[in-house]
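Biologist: Mind walking me through this one? I'd like to go over the fold, the helix packing and a few odd loop residues.

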Amino acid sequence: MDDLVGLAVIVILVVVAGAICGLIALVQLNGLKQEVAVLRAKVTHLQTHKPISQSEPQSEASIAQAALSRSEPIAYKTQPNLTPQSASPPVINQPSAPPKKAKPAKASAIELLFNKLRAGFEQNWMTWIGAIALAFGGIFLAKYSLEAGLLSPVMRLSLGGLFGLGLIAAAAYLHHKRIIFEGFNNYIPAALASGGFITCFALTLLAYSNYDMLSPTVAFFALAIIAISASAMALRLGPLLAVLGIIGAYSVPIWVSTGSGNLFALLMYVGFVSLSAALVAHKVQRIWLWYLLWAGHIGWYLVGFTLLKTNTVWLMGMFALLSIIGLIAIPRLGLKLSVIELRPHSLKRLINVLPDHALLLAFIAPLIFTMLISHFDMQWQTIGVLSIVLMLFLVLKNSRWDIWQAVALASATLLVISAERTHLSPNLFDDALFIFKNEYGLGLLLGLLLTGFGLYYGKKQIKRLAFHVTGAFSAFVMIATLYSLIPNSALSTAYPLWAVVLFVVAAILIKLAQHNTTLFQRFTYWVGANANTTLAITMLLSDSGLTIALAVQVLLISVLIKRHNVPMPHWPIKALVAALLLRLTFSPWTPSYDALTVFGLHWSIVVYPLCIALFFAAARCFKTSQLKVWLEGAALHCLALFITTETSYQLVGHYPQFDSLNFYEQILLTCNWLALGCVYLHRSKLAGTLAKLYQLAGFALAGLAGLFAIKTLLDDNPLFESLYIGELPIFNWLLLLWLVPAGLTLWLAKLIKPINAKATPFILAVAGGFVLLAINSFIRQYWQGPYIYLSKGASNAELYSYSVIWLILGAGTVIFGHLKNQLLIQKVGLGLLAAVIVKVFLIDMANLEGLLKALSFIGLGLSLVGLSWLFQKLRSRANPV
């Protein structure tokens with residue numbers, strides 16, 4: 001049976017080798033065919049475009065020699081016969097313009113890598129198949145000896161180990177003697193060594209798992225030695241052996257586990273393997289070896305968090321910090337961290353520093369996340385502070401890491417938030433010195449230290465803008481974080497100190513802004529001073545005060561940009577405006593805002609109009625910029641929020657609850673959203689690249705208004721239900737229910753016509769329906785009072801009033817259409833007159849009998865004929881022949 005298995009393996013290897021050889025031959029054949037086609041095309045081109053004289057005939061050999069001298073492909077083709085009787089040289093018909101040569105397509109990186117691997121495999125495929133066969137042979141030999149019982153377990157494993165060591169020794173000998181090739185192209189020694197290391201690896205696992213001859217600790221170290229030895233030998237035999245060593249070394253804890261959960265031993269082993277792999281990758285100079293190293297190191301780092309305990313927090317923290325130094329700092333700065341780069345870089349270059357940023361986040365983000373969900377103690381506080389210090393230290397060494405100052409500030413913020421969850425207690429605020437303790441003292445200290453760091457090094461290295469940003473905004477961010485954490489009852493104690501700090505920092509920034517040369521530095525300090533002052537004022541106000549302060553900040557930044565002509569990117573202002581709009585959008589439905597007042601008034605009456613004014617004022621600072629459209633859109637959004645929320649609040653005492661709207665709220669929302677939809681569509685004409693966004697918002701609002709209108713018409717219609725609509729004629733709820741939507745729908749039809757002309761007739765028909773309902777309802781309300789439902793009936797006077805009013809409206813419509821030369825309006829007017837006439841003779845005169853009834857129908861017929869004649873006459877005048 002074992003012979004059959006071995007034979008099957010050999011047959012499979014032969015078949016695979018044959019298939020690979022056939023594939024290689026097919027590829028080579030196709031390549032030769034393409035080369036022949038190119039050679040023929042080149043020879044034809046030469047024969048067509050170069051005249052050949054009789055005195056100097058060219059033979060095939062001379063053409064071939066010339067082509068070889070130019071390193072061009074050759075196509076052999078017989079030269080045309082030249083008639084000796086002709087005394088003049090042959091005439092060659094040349095085209096007016098030579099055909100353009102197609103530029104060769106540039107191969108992608110993946111294609112180049114594939115072609116390189118294919119070329120290497122084509123040259124050494126037999127060697128590698130032999131190496132694989134040797135490895136399988138060692139494994140099958142061990143398996144066969146185990147099942148057949150020929151030798152004792154110790155003897156079997158010893159012979160297998162000698163076989164593997166023999167392959168490794170043979171590889172080392174061949175490489176030392178340089179018998180085959182030289183350098184990293186010495187594939188045969190690398191293949192033999194790979195087979196030997198795989199054999200030793202498999203035999204060690206066999207001794208551990210099947211024979212129980214090795215303890216977990218011994219097996220672990222044996223496998224580690226084998227894998228690291230493979231990596232070490234890769235320094236001599238090439239990168240492919242390094243892959244085997246790195247993968248094998250990082251996989252050892254998977255194969256052999258002691259079950260002790262010893263985090264220290266795991267991290268020590270991973271650190272040692274990473275150090276060895278880094279030396280190999282640095283020596284071999286292959287980037288994909290670094291990828292393997294990073295993947296293995298970070299993978300075991302993440303696994304280490306599953307073994308984390310209270311007494312091993314410091315271990316994970318130190319491992320993360322040492323990993324940052326070993327895998328990021330040392331490869332960039334050298335072993336002594338002596339390579340320093342201080343030149344400034346643009347924001348785009350700072351963002352695109354790879355893989356440094358990704359590696360830093362891979363180590364810092366899990367650490368901070370675990371800190372947030374764990375019990376905060378002195379260990380976490382120490383690790384958090386050390387990580388911030390390390391990042392700032394590395395920033396001083398390399399200016400391309402300037403953006404890490406933002407990571408350090410974010411880490412400081414999260415450190416304070418993590419401390420707040422544990423130390424917050426009811427008795428904490430009884431002591432007036434709480435502002436210097438726990439998270440409050442930590443946050444204030446970190447804010448001042450980061451501010452001092454940024455200002456000091458910003459003065460020494462003026463052109464590095466990141467230092468100025470850190471100095472201008474660190475105190476603001478940290479005190480704002482503390483302000484969001486502290487309860488309102490304790491704010492009165494903390495406010496004096498925080499306000500003094502903010503005002504002092506603002507004064508320092510203003511002073512520095514007056515004595516600096518770079519435009520960006522002055523602008524950053526001015527904005528930072530405004531931010532600190534605004535926050536100090538905001539803490540005196542309620543929650544809505546922060547919203548107003550942020551809106552004021554948008555205006556101040558816009559004024560500074562206009563005043564100093566700063567070419568600042570727009571995305572920071574857009575991000576601030578977006579955050580402010582998000583806050584304004586959700587505030588009405590936030591419980592803490594229900595009874596909030598500003599200056600004795602409900603907050604939305606003050607905040608929304610003020611934000612609208614501030615956004616429009618900020619937009620005036622940008623004349624032709626796209627940011628002007630963005631700020632005007634923000635103002636329109638605030639207007640939409642103000643109209644939507646305040647009308648409902650003044651009507652029913654609370655903001656609209658969309659799942660339980662009453663009749664009057666539906667009326668208001670229909671008018672509000674339809675009006676705002678028209679405003680957005682009108683604004684889209686001037687929005688430039690944001691036109692699609694404005695159109696989408698306009699259509700959405702108009703669609704929502706239409707849904708509410710349909711709901712009101714079907715479910716809450718005052719003509720069908722007993723609903724109070726008001727005592728006064730015209731100036732009642734019917735005005736907002738149907739007449740105002742009619743006018744807005746006419747405006748909507750005008751706005752939609754350039755976008756979709758086919759939808760205009762439908763929208764006009766909807767507007768006509770609104771007008772019809774409005775006028776009839778006004779008439780009925782005059783006669784019936786505040787309740788107009790149809791089941792109450794109608795008097796003769798009411799019926800006659802419908803006829804009189806619609807007769808006047810119809811006649812006026814016909815005359816207006818004739819004056820404006822609008823045939824459609826004339827048709828509408830004539831239709832109204834016809835409807836009135838039908839109504840008069842069929843309803844108003846329904847009680848007539850005998851001769852009067854006959855005469856009424858005769859009059860109906862004559863009236864219809866007269867209207868038809870009038871319509872034809874008007875049409876002929878409008879369209880003369």
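What follows is a chat about this model, one question at a time.

Modeller: Ground rules before we start: this is a predicted model, where local features need pLDDT of at least 70, side-chain atom pairs count only at pLDDT 80 or more, and totals for chains, interfaces and linings use all residues. Residues are numbered from 1 along each chain as its sequence is written, and side-chain values use heavy atoms, with hydrogens and water left out.

Biologist: How many helices and strands are there in the protein chain?

Modeller: Helices (H or I, at least four residues) and strands (E, at least two) are DSSP runs here, numbered from the N terminus. By that count the protein chain has two strands and 29 helices.

Biologist: What share of the 881 residues counts as buried?

Modeller: Buried means under 20% relative accessible area, exposed means over 50%, and partly exposed is in between, using a 1.4 Å probe and protein chains only. Across the 881 residues of the protein chain, the buried share is 41%.

Biologist: Among contacts between residues at least 6 apart in sequence, what percentage joins residues at least 24 apart?

Modeller: A contact is heavy atoms within 4.5 Å. Take the contacts in the protein chain between residues at least 6 apart in sequence; the portion joining residues at least 24 apart is 70%.

Biologist: On to packing. Are H20 and H21 roughly parallel or roughly antiparallel?

Modeller: Two packed helices are described by the angle between their axes and the distance between the axes. Axes are lines fitted to C-alpha atoms, for helices over the stretch in contact, with angles from 0 to 180 degrees between N-to-C directions; under 35 degrees counts as roughly parallel, over 145 as roughly antiparallel, 65 to 115 as roughly perpendicular and the rest as oblique. Helix H20 (residues 571-586) and helix H21 (residues 603-619) pack at about 160°, with axes 12 Å apart. The pair is therefore roughly antiparallel.

Biologist: And which residues of H21 make the contact with H20?

Modeller: On the H20 side, the contact uses Val-577, Leu-580, Leu-581 and Leu-584. On the H21 side, the residues are Val-607, Tyr-608, Cys-611 and Phe-615.

Biologist: How do the residues of the contact of H23 with H25 divide by class?

Modeller: Helix H23 (residues 663-683) and H25 pack at about 20°, axes 10 Å apart, which makes H23 roughly parallel to H25. Many residues take part, including Phe-663 and Leu-674 of H23 and Trp-733 and Leu-744 of H25. For classes, Ala, Val, Leu, Ile, Met, Phe, Trp, Tyr, Cys and Pro count as nonpolar, Asp, Glu, Lys and Arg as charged, and the others, Gly among them, as polar. The split is 20 nonpolar, two polar and no charged.

Biologist: What is the class count for the contact of H16 with H17?

Modeller: Helix H16 (residues 465-485) and helix H17 (residues 488-513) pack at about 170°, with axes 10 Å apart, and are therefore roughly antiparallel. Among the residues that meet are Gly-471 and Phe-476 in H16 and Trp-498 and Val-505 in H17. The count is twelve nonpolar, one polar and no charged.

Biologist: Loops next. Which side chain does a polar contact join to Asp-402?

Modeller: Asp-402 is found in the loop between helix H13 (378-397) and helix H14 (404-423), and is buried at 4% relative accessible area. A polar contact is a pair of N or O atoms within 3.5 Å; within protein, one must be able to donate a hydrogen and the other to accept it, and residues adjacent in sequence count only if both atoms are side-chain atoms. At 2.3 Å, the partner side chain is that of Arg-464.

Biologist: Is Leu-337 buried or exposed?

Modeller: Leu-337 sits in the loop between H10 and H11. Phi there is near 55°, a positive value in a residue other than glycine. With a relative accessible area of 17%, Leu-337 is buried.

Biologist: What is phi of Ile-730 near?

Modeller: Ile-730 is in the loop between H24 and H25 and counts as partly exposed at 43% relative accessibility. Phi is a positive value in a residue other than glycine, near 65°.

Biologist: Last one: what is omega near for the peptide bond from Leu-354 to Pro-355?

Modeller: Pro-355 is found in the loop between H11 and helix H12 (356-373). The peptide bond from Leu-354 is cis, with omega near 5°.
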